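User: Before I rely on the labels attached to this protein, I would like to see the reasoning behind some of them. Please take me through it step by step.

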Amino acid sequence: MCFFDQHRFACGDWKWGHFRQHCNREYRTGETCGMKLIMQTVPVSQKCKLCDKIDTKQRRRSAEEDRIARWRREGGKFRASIDRSYDMIKSLDREIYDLRNERTKKRLVV
């Protein structure tokens, strides 16, 4: 039961930080026993990398929806572009779904 810092992000996710103290079960220098306990929690004002990726993909998805709406208002002459944007939205939806599943899986591991 060695002690580590914990970094808690604004989104609620966390990650292990630096090693801080050995426990009395581990006698070798530079080694840890494998069990991690929290020495202190360090709040981080940013979101984690997964949440940043999800936010970026959602912004891209929203931009594609705005483009489609603009092209439809301008008339039906942009059919190929609209189809390509729909394909992009489907791809982004799949990526967002995968990232959310990864985030949920990561939270449940503990």
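Analyst: What follows sets several labels against their cut-offs, and the model is a predicted one.

User: Why is Lys57 called buried?

Analyst: Lys57 has 18% relative accessibility, and buried means under 20%, so Lys57 counts as buried.

User: What makes the contact between Glu95 and Lys57 a salt bridge?

Analyst: The closest N and O atoms of Glu95 and Lys57 are 2.8 Å apart, and a salt bridge requires a side-chain nitrogen of Lys or Arg within 4 Å of a carboxyl oxygen of Asp or Glu, so the pair qualifies. The pair links distant parts of the chain, with Glu95 in helix H2 and Lys57 in helix H1, 38 residues apart. Glu95 itself is partly exposed, at 29% relative accessibility.

User: How do you know that Glu74 and Arg70 form a salt bridge?

Analyst: Their closest N and O atoms are 3.8 Å apart, and the limit is within 4 Å, so this pair is also accepted as a salt bridge. Both residues lie in helix H1, 4 residues apart, which is about one turn of the helix.

User: Why is Lys49 called exposed, whereas Met35 is called partly exposed?

Analyst: Exposed means over 50% relative accessible area, and partly exposed lies between that and the 20% limit for buried. Lys49, in helix H1, has 71% and therefore counts as exposed; Met35, in the loop between strands S2 and S3, has 41% and therefore counts as partly exposed.

Conventions
Residues are numbered from 1 along each chain as its sequence is written. This is a predicted model: local features need pLDDT of at least 70, side-chain atom pairs count only at pLDDT 80 or more; totals for chains, interfaces and linings use all residues. Side-chain values use heavy atoms; hydrogens and water are left out. Helices (H or I, at least four residues) and strands (E, at least two) are DSSP runs, numbered from the N terminus. Buried means under 20% relative accessible area, exposed over 50%, partly exposed in between (1.4 Å probe, protein chains only).
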